[in-house]
Amino acid sequence: MGLKPNSLAFIGLCNEYCNLIESATERVPADFVAEALRLLPRIYISASDLDIDPVLEDSPGIDSFLEEDYYESVRHNIGNLLGPDDVYLEVFEKEMKYSDTPIGASIAEGLADLFQVFYNFISTIRYADEETINGMLAGIREDFVSYWSQLLVNLLRPLNDIRYNVLNDTENDE
C-alpha cells in the first residue's frame, strides 16, 4: 500500500523544521525568520490535508524523545537569536477575553513547542513499520486539531511582523 504522498510530504516538512530549529545558532535572524515563514504555512496545509485511514483512528502514542535540557537549549537559542523581538502580544489566549491586561507570549517558546511535537514524531517513526507510521500520523493529526494548529498560526503573525516591519525598519535605520 505505501505511505500516501501527502503523508510523506508532511514527514519531510517536519524533518526540515527540526533541522531549521536545531541550526538556529548558525543563522542570522532575517534568514531564520524567512525560513520559518516558508515552512510553517506548508506544515499547516500538509497537516490539514493528512488523509488518515479511519481504521487507524485509534493510533499508537508518540514517544517522548526530546529531553527537557535540549528543549530549553533550543528555546534559549531562538530567544537569543530574536532578542527583544521574541515577545509578542497574544490575542488568541482563552483568558484574553476576560482580561484587561495584554498577555505576552514568546516566539521561541512556541517554536520550541512545535519542535517538541515534530522531534518526537520524527524520532518515533524513524524505525517504525508502515502501519505504525500511519497510526502515528493519525495521532499527530489529532494533536494538530486539538493543540498545535492554533499555536502554529499564532506564531505566523509575530514572525511576519519581524520579517516585514521590524527587520525593514532596522535596515532603513542603517
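Helices here are DSSP runs of at least four residues, numbered from the N terminus. Keep that in mind as you click around this predicted model.

**The whole chain**

Start with everything in cartoon view. You should find five helices and two strands, and reading along the sequence they come in the order α-α-α-β-β-α-α. Of the protein's 174 residues, 40% count as buried. Look at how the chain folds back on itself, too: among contacts with a separation of 6 or more, 80% are between residues 24 or more positions apart.

**Stop one: Ser7**

Now select residues 5-22. That's helix H1, and Ser7 sits in it. Is Ser7 buried or exposed? Its relative accessibility is 2%, and buried means under 20%, so Ser7 counts as buried. Show side chains around Ser7 and, leaving aside neighbours within four places in sequence, you'll see Leu50 and Leu137 in contact with it.

**Stop two: helix H4**

Next, pick residues 107-125 for helix H4. H4 runs 27 Å from its first C-alpha to its last over 19 residues, close to the 27 Å expected at 1.5 Å a residue. Zoom in on the start of H4, where a side-chain oxygen of Ser106 comes to within 3.2 Å of the backbone nitrogen of Ala108. Then switch on a surface for the rest: 16 of the 19 residues of H4 are buried, so H4 is largely enclosed by the rest of the structure.

**Stop three: H3 against H4**

Keep H4 on screen and add helix H3, residues 68-82. How do these two pack? Their axes are 8 Å apart, at an angle of about 140°, and H3 passes H4 in a right-handed crossing. To light up the contact, select Tyr70, Tyr71, Val74, Arg75, Ile78, Gly79 and Leu82 on the H3 side. On the H4 side, the residues to show include Ile107, Leu111, Phe115 and Tyr119. Colour the whole contact by class and you get eleven nonpolar, two polar and three charged residues.

**Last stop: Glu90**

Finish at strand E1, residues 87-90, where you'll find Glu90. With 2% relative accessibility, Glu90 counts as buried. Which side chains does Glu90 reach with polar contacts? One is Tyr88, at 3.1 Å, and another is Asn154, at 3.4 Å. Before you leave, draw a C-alpha to C-alpha distance from Glu90 to Ile103: they are 13 residues apart in sequence and 5.6 Å apart in space.

Definitions and conventions: Residues are numbered from 1 along each chain as its sequence is written. This is a predicted model: local features need pLDDT of at least 70, side-chain atom pairs count only at pLDDT 80 or more; totals for chains, interfaces and linings use all residues. Side-chain values use heavy atoms; hydrogens and water are left out. Axes are lines fitted to C-alpha atoms, for helices over the stretch in contact, and angles run from 0 to 180 degrees between N-to-C directions. A crossing is left-handed if the near helix is turned anticlockwise from the far one by less than a right angle, and right-handed if clockwise. Contact means heavy atoms within 4.5 Å. Ala, Val, Leu, Ile, Met, Phe, Trp, Tyr, Cys and Pro count as nonpolar, Asp, Glu, Lys and Arg as charged, and the others, Gly among them, as polar. Buried means under 20% relative accessible area, exposed over 50%, partly exposed in between (1.4 Å probe, protein chains only). The expected span of a helix is 1.5 Å times one less than its number of residues. A polar contact is a pair of N or O atoms within 3.5 Å; within protein, one must be able to donate a hydrogen and the other to accept it, and residues adjacent in sequence count only if both atoms are side-chain atoms.
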